[in-house]
Amino acid sequence: MLELTLLSEQLDLYRLQRHDFMNHWQVIMGYLQLGNTDKALNYMRNALQGLEAEQVMGQIPQPIVASCLLGFVVSLRSQGVQVQVEVSESIKEADFWEEFWQEEYGQALYGYTRGCLSDFQEHIVKLEQAKALLLLKATEGFMFYIRLLDGEDVIRETYSRFDSN
């Protein structure tokens with residue numbers, strides 16, 4: 001059931017991103033037609049910076065984890081939050097997930113990320129420079145740490161731990 005929910009969400013996110021992507025192309029083409037190549041390049045650099053967090057999520061070989069976290073990142077970005085992700089190298093290795101992963105973690109991670117989105121919603125709308133720092137660490141399991149910031153000021157911090165014990 002979780003897989004079907006994640007698939008449906010991924011399709012919705014794909015539609016949103018496709019729409020945003022088309023808008024980006026139109027802005028870039030407009031700048032180029034007006035001869036503003038510097039503005040076009042700057043716009044492209046800014047647009048690409050936002051995609052780095054999503055690219056990191058794509059390096060996680062466990063599909064439920066990658067899907068939950070990608071949905072989380074894209075949802076934050078769609079609300080204007082600048083997202084930075086740091087992932088320990090072992091999280092990117094299939095061996096880690098084969099040894100550690102338990103099916104019940106998927107529903108727990110999904111619930112946690114959706115709860116955080118709901119909790120952060122009221123804060124995000126009030127922030128001038130909304131940023132989120134996500135840390136994924138392999139400990140004796142998997143830890144997902146989230147820090148919501150307004151510029152450099154910490155607004156909320158939370159983490160969830162999935163232990164192999």
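This is a short tour of a predicted model, stop by stop, with a selection to make at each one.

**Stop 1: the whole chain**

Start with everything shown as a cartoon. You should find five helices and four strands. Following the sequence from its start, the elements come in the order α-α-α-β-α-α-β-β-β. If you show just the C-alpha trace, its extent along the principal axes is about 60 × 30 × 30 Å.

Now switch on the surface. The chain has an accessible surface of about 9900 Å², and carbon and sulfur atoms hold 51% of that. Of the 165 residues in the chain, 39% are buried. For a feel of how the fold ties together, take the contacts with a separation of 6 or more: 63% of them join residues that are 24 or more positions apart.

**Stop 2: helices H1 and H3**

Select residues 2-33 for H1 and residues 63-78 for H3. The axes of these two helices are 10 Å apart, and the helices pack at an angle of about 35°. Turn the view to look through one helix at the other, and you will see a left-handed crossing.

Next, show the side chains where H1 and H3 meet. From H1, pick Leu2, Glu3, Leu6, Gln10, Leu13, Leu16 and Gln17. Their partners in H3 are Ile64, Ser67, Cys68, Leu70, Gly71, Val74, Ser75 and Ser78. Colour this set by residue class and you get eight nonpolar, six polar and one charged.

While H1 is on screen, click on Asp20, which belongs to this helix. Is Asp20 buried, partly exposed or exposed? Its relative accessibility is 32%, so Asp20 counts as partly exposed. Draw a C-alpha to C-alpha distance from Asp20 to Ser78: it reads 9.5 Å, for two residues 58 apart in sequence.

**Stop 3: helices H1 and H5**

Keep H1 and add H5, residues 103-124. The axes of H1 and H5 come within 10 Å, with a crossing angle of roughly 40°. The two helices are therefore oblique to each other. Here too the handedness is easy to state: H1 passes H5 in a left-handed crossing.

Which residues make the contact of H1 and H5? On the H1 side, select Leu2, Thr5, Leu6 and Glu9; on the H5 side, select Gly106, Gln107, Tyr110 and Arg114. By class, this contact has three nonpolar, three polar and two charged residues.

**Stop 4: helices H3 and H5**

Hide H1 and look at the remaining pair. The axes of H3 and H5 come within 9 Å and cross at roughly 10°. Angles under 35 degrees count as roughly parallel, so that is the description for H3 and H5.

For the side chains of H3, show Ile64, Val65, Cys68, Leu69, Gly71, Phe72, Ser75 and Leu76. For those of H5, show Gly106, Leu109, Tyr110, Thr113, Arg114, Cys116, Leu117, Phe120 and Ile124. The make-up of the H3 and H5 contact is twelve nonpolar, four polar and one charged.

**Stop 5: Val85 in strand S1**

Move on to residues 82-87, which form strand S1, and centre on Val85. Val85 is counted as buried because its relative accessibility is 13%. Beyond the residues up to four places away in sequence, Val85 touches Ala53, Val56, Met57, Val73, Leu134 and Leu136. Pick one of these for a distance check: Val56 is 29 residues from Val85 in sequence, while their C-alpha atoms are 7.1 Å apart.

**Stop 6: Ser160 in strand S4**

Select strand S4, residues 153-163, and highlight Ser160 within it. With a relative accessible area of 15%, Ser160 is buried. Which residues is Ser160 in contact with, leaving aside neighbours within four places in sequence? They are Tyr112, Phe142, Met143 and Phe144.

**Stop 7: Gly151 in a loop**

Finish at Gly151, in the loop that joins S3 (141-150) and S4. Would you call this residue buried or exposed? Gly151 counts as buried because its relative accessibility is 5%. Apart from residues up to four places away in sequence, Gly151 touches Gln129 and Lys131. For a last look across the model, draw a line between the C-alpha atoms of Gly151 and Ile28: they are separated by 27 Å, and their positions lie 123 residues apart along the chain when counted as a separation.

Key. Residues are numbered from 1 along each chain as its sequence is written. This is a predicted model: local features need pLDDT of at least 70, side-chain atom pairs count only at pLDDT 80 or more; totals for chains, interfaces and linings use all residues. Side-chain values use heavy atoms; hydrogens and water are left out. Axes are lines fitted to C-alpha atoms, for helices over the stretch in contact, and angles run from 0 to 180 degrees between N-to-C directions. Angles under 35 degrees count as roughly parallel, over 145 as roughly antiparallel, 65 to 115 as roughly perpendicular and the rest as oblique. A crossing is left-handed if the near helix is turned anticlockwise from the far one by less than a right angle, and right-handed if clockwise. Contact means heavy atoms within 4.5 Å. Ala, Val, Leu, Ile, Met, Phe, Trp, Tyr, Cys and Pro count as nonpolar, Asp, Glu, Lys and Arg as charged, and the others, Gly among them, as polar. Buried means under 20% relative accessible area, exposed over 50%, partly exposed in between (1.4 Å probe, protein chains only). Accessible areas come from the Shrake-Rupley method with a 1.4 Å probe; for residues, only the protein chains shown count as cover.
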